[in-house]
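Please load the model in your viewer and keep a selection box at hand. The stops below go from single residues to a helix and then to a pocket.

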Amino acid sequence: MKSAPSELRAKVRFLGKVLGDVIKSQDGEALFNRIEDIRKTSVAFHREGGAANAALLEERLRSLDLTETVRFAHSFACFLQITNIAEDSIQRDKMKDGDARADTLAGSLRALEAEGVGAAEVAELLAAGLIAPVITAHPTEVRRKSVLDRAGAIAAAFTAWEKARTEAERQGFETELLREVAIFWRTRLLRGVRLGVIDEIETAVSYFERSFLAELPRLYAHWGRQLKADLPSFLRIGSWVGGDRDGNPFVTAAVQRQAFARQSQAALQAYLERIHALGAELSISSELAKMTPGLKALADSSGDASPHRLDEPYRRALRGVYARLAATYPLLTGEAPPRPATLVAEPYPDAKALKADLQTILDALIESQGEIFATGPLPELIRAVDIFGFHLATLDLRQNSAVHARTVAELMSVAGVCADYEALNEAARCELLLSELAHGRLLYSPFAQYGEETQREYSVLSAAAESRRRYGSEAIRAYIVSNTTSVSDLLEVYILLKEVGLFHPGETPSTEIFAEPLFETIPDLRAAPQTMGAYLALPLIKSLLADERLQEVMIGYSDSNKDGSYLTSTWELHQASKALLAVTDKADLRLQLFHGRGGTVGRGGGSSYEALLAQPEGTVRGRIRITEQGEVVANKYADPLLARQSLETITAGVVLASLAKTSDQNLAGRHGGALDKLSQASMEAYRNLVYETPGFVDYFYAATPLTEIVELNIGSRPASRQPTRSIEGLRAIPWVFSWSQSRTMLPGWYGFGSAVEASGVSLSELNDLHEAWPFFATTLANMEMVLAKADVNIARRYAGLVEDKTLASTIFDRISAEWEKTTNALLAISGQGALLDRHPELAEALRTRLPYIDPLNHLQIELIRRRRAGDADEAVREGIHLTINGVAAGLRNSG
């Protein structure tokens with residue numbers, strides 16, 4: 001068996017040759033030879049190093065004219081996409097071949113069994129659990145949907161070629177592979193127009209259509225066999241796309257309605273197709289098999305009187321089910337079903353009624369035909385209906401607390417309740433809000449005049465009430481409050497929910513949607529336990545939570561990192577999680593953490609599995625939600641087999657984090673002081689550079705492609721919260737994306753080297769922590785990956801874009817010195833001679849990519865210099881964007 005690195009090299013070589021053959025056939029030998037010459041020179045430089053190779057590579061790149069530069073950028077960006085396909089192919093092979101490493105839940109069960117934890121305990125945990133990846137539209141995915149589709153087609157053709165059994169088959173599949181690569185080579189990599197929210201909704205739904213609708217039910221069947229239990233639907237997929245209004249004025253009430261209509265369309269189409277297929281399949285005759293009373297009643301009520309099916313109760317029943325669902329379709333989607341029913345029927349009132357009819361059919365099958373029908377297409381369809389309902393994905397609402405405050409202030413002012421709500425202190429605000437929540441009088445009047453923002457917020461919440469009535473109670477359950485700093489920030493949401501009938505005052509108040517805080521900055525995370533303690537102590541909140549006995553709290557990785565450094569963010573999140581657990585335990589509630597993670601380490605990225613095992617003891621307990629953002633969504637879920645593996649992995653991580661024996665509390669208790677010192681020193685070093693160094697903002701804007709990234713058509717949301725040139729006002733995504741492109745990767749490591757040097761924590765203690773504490777080991781592993789992707793020499797060239805050379809030298813020298821300190825500290829702590837020594841597969845994957853990423857960085861710098869000097873040629877802009885596309889594809893995470 002080939003090792004993973006050699007297997008990757010072989011796959012990359014083959015697919016690279018196919019791409020090369022396509023380039024030769026379509027664009028001629030001259031272009032191919034020019035590209036190949038630069039490729040070989042870059043590979044030689046990375047293998048052998050040396051000033052001569054470096055000079056030769058630079059000469060080759062400088063010799064390209066503008067047209068050649070654009071074509072070259074396109075070719076290397078394509079090659080890096082090909083590399084991704086090769087990497088993903090290895091993971092798919094593991095899944096298809098039943099590789100034990102791919103079945104992470106089975107591995108977790110074995111590990112737990114060794115600790116005396118049986119399958120019954122795992123099943124009990126999951127029965128009360130919730131695991132929910134939540135898809136967001138955060139704009140870090142630079143690939144068009146067409147490019148993702150073409151990559152999927154190439155992957156399918158490549159897999160077929162590899163699995164071919166005869167030479168004739170192999171040749172046929174190779175022709176198909178060449179055809180798919182040829183289409184890919186001529187597919188535009190860049191979007192011509194900016195994405196709208198509707199485009200983002202379509203992209204999000206596509207992952208359900210490609211992967212989730214089919215793979216999730218199969219996973220449940222697999223887990224049921226392993227655990228010998230009938231598990232409830234604990235694993236569900238959530239979405240923010242069409243509900244996240246924080247900083248995005250384009251998410252409106254109309255958009256929310258479109259999101260649900262499109263989601264419902266995807267779910268109902270899948271159900272209709274499967275019901276139609278089952279109707280064709282289940283030709284069982286009542287003359288040859290028993291028929292249950294339930295099945296007979298369902299068949300007789302179907303309205304199917306065809307003499308050809310009088311003795312086929314399953315077909316008649318399914319035709320009736322199909323007709324009812326087809327009648328439901330236009331009510332929920334606004335469109336006619338793709339295959340109209342031939343029978344007239346009443347629509348289903350909800351998904352539970354559809355599930356009940358399908359269960360009646362399944363019960364009859366099992367009773368008359370045996371347990372062989374307990375698995376297969378009908379049980380999988382029933383599971384799909386249970387998971388996805390008529391809404392497909394539970395949509396979270398999200399808005400910034402400042403917007404709520406302004407909206408409530410205007411409602412109260414117009415209603416004559418309070419002339420200036422925002423002038424009140426926190427105690428007075430809470431007193432007034434609780435008073436308003438105690439009675440049924442409404443603030444909003446359809447006859448009054450309100451500002452645009454207030455009217456928009458009211459319309460969105462009215463649409464939310466409508467969506468729950470139409471699509472079911474699972475359609476919307478949570479309202480995330482960004483920038484939560486006080487109790488009033490949460491109470492304001494209930495005021496707004498009350499206005500549209502989603503909060504019900506009275507002797508026993510209740511709510512249909514729960515306000516949930518998002519703590520993002522370092523100060524807010526530190527204050528979170530106090531804020532939540534005061535909130536949960538309110539009699540109103542105790543009453544609202546009496547049935548659920550659960551409080552969800554969202555914690556943000558991106559802004560806490562931008563606020564205080566990677567190490568500080570990671571430690572503060574760890575500490576806040578433990579403190580929040582103590583608060584909810586005291587209130588006799590379960591804590592459900594919602595982790596707002598991004599794709600890159602600078603925004604909480606890295607292995608989800610390792611991150612789960614590194615969570616503080618007791619903070620998981622079978623329940624967790626995690627955001628999936630940008631390019632990570634496609635990397636994990638665009639391919640059905642990879643989606644299955646990703647969902648299996650997160651479930652395994654939750655099970656282990658919840659049930660495995662851990663030393664986290666002991667280690668945190670003994671060594672928390674050391675982490676406090678490291679964290680404080682890291683934060684001081686980081687903030688001194690980013691927020692206290694004169695001219696740093698100017699350096700950042702000049703020494704990274706931030707301006708050029710903002711021009712990319714990759715998302716509907718603006719890059720900054722305010723129209724100001726400041727780090728505070730800039731969103732975390734462009735902040736991290738820009739440093740990634742310049743290969744500095746600053747948000748993922750800066751401050752750690754200085755922290756080790758200044759904190760006074762001994763190297764021997766850090767060595768021990770690295771070996772014994774998953775939290776610390778995972779933190780350093782993520783940092784190591786980022787340092788390996790960084791390149792100080794390339795970052796120095798980006799610094800050359802800064803016009804003030806003294807400023808450039810001063811700041812870059814500090815960054816370079818900190819990179820060296822951090823690398824040396826990490827190697828000393830981990831006991832390695834070089835970065836990624838302990839991770840040869842990752843090291844090889846990176847080595848395979850660097851000869852294609854680095855030239856794109858060099859071209860990007862030259863093109864940026866031209867554009868900023870006033871060259872308005874559209875080809876320059878296109879070239880910059882192609883290099884951004886290629887570097888992002890090569891690094892596999894952007895923002």
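Which residues does S233 touch, not counting residues up to four places away in sequence? Bear in mind at each stop that this is a predicted model. Select S233 first, in the loop between α9 (197–227) and β2 (238–239), and then display Y220, R383, D386 and I387, which are the residues that S233 touches once those up to four places away in sequence are set aside. With R383 the link can be specified further, since a polar contact of 3.0 Å joins the side chain of S233 to that of R383. S233 has a relative accessible area of 9%, and because buried means under 20%, S233 counts as buried.

Next, move to Q455, which you will find in helix α17 (residues 452–471). Is Q455 buried, partly exposed or exposed? Its relative accessibility is 28%, so Q455 counts as partly exposed. Leaving out residues up to four places away in sequence, Q455 touches Y444 and Y450, and the side chains of Q455 and Y444 make a polar contact of 3.1 Å. If you then add L411 to the selection, you can check a separation between C-alpha atoms: those of Q455 and L411 lie 9.9 Å apart, although the two residues are 44 residues apart along the chain.

The third stop is helix α7, for which you should select residues 145–163. At 1.5 Å a residue, the 19 residues of α7 should span 27 Å, and the end C-alpha atoms are 27 Å apart, which agrees. Colour the buried residues of this helix, which are V147, L148, A151, A153, I154, A155, A157, F158, T159 and W161. While turning the view, recall that an α-helix has 3.6 residues a turn, so residues three or four places apart point the same way.

Finally, turn to the second largest pocket, which holds about 680 Å³ of space. Which elements give two or more residues to the lining of this pocket? They are α1 (4–27), α2 (29–48), α4 (66–96) and α35 (840–868), and among them α1 gives the most, with 10 residues. To centre the view, select V12, R39, V43, F79 and Y852, which lie nearest the centre of the pocket out of the 26 residues that line it. Colouring the lining by class will show 11 nonpolar, 5 polar and 10 charged residues.

Technical notes
Residues are numbered from 1 along each chain as its sequence is written. This is a predicted model: local features need pLDDT of at least 70, side-chain atom pairs count only at pLDDT 80 or more; totals for chains, interfaces and linings use all residues. Side-chain values use heavy atoms; hydrogens and water are left out. Helices (H or I, at least four residues) and strands (E, at least two) are DSSP runs, numbered from the N terminus. The expected span of a helix is 1.5 Å times one less than its number of residues. Buried means under 20% relative accessible area, exposed over 50%, partly exposed in between (1.4 Å probe, protein chains only). On a 1 Å grid over the protein atoms alone, a cavity is a set of points where a 1.4 Å probe fits but cannot get out, and a pocket is an open set with protein on both sides within 12 Å along at least five of seven lines; lining residues have an atom within 4 Å of a point. Grid points are joined across faces, edges and corners, and a volume is the space filled by probe spheres set on the points. Ala, Val, Leu, Ile, Met, Phe, Trp, Tyr, Cys and Pro count as nonpolar, Asp, Glu, Lys and Arg as charged, and the others, Gly among them, as polar. A polar contact is a pair of N or O atoms within 3.5 Å; within protein, one must be able to donate a hydrogen and the other to accept it, and residues adjacent in sequence count only if both atoms are side-chain atoms. Contact means heavy atoms within 4.5 Å.
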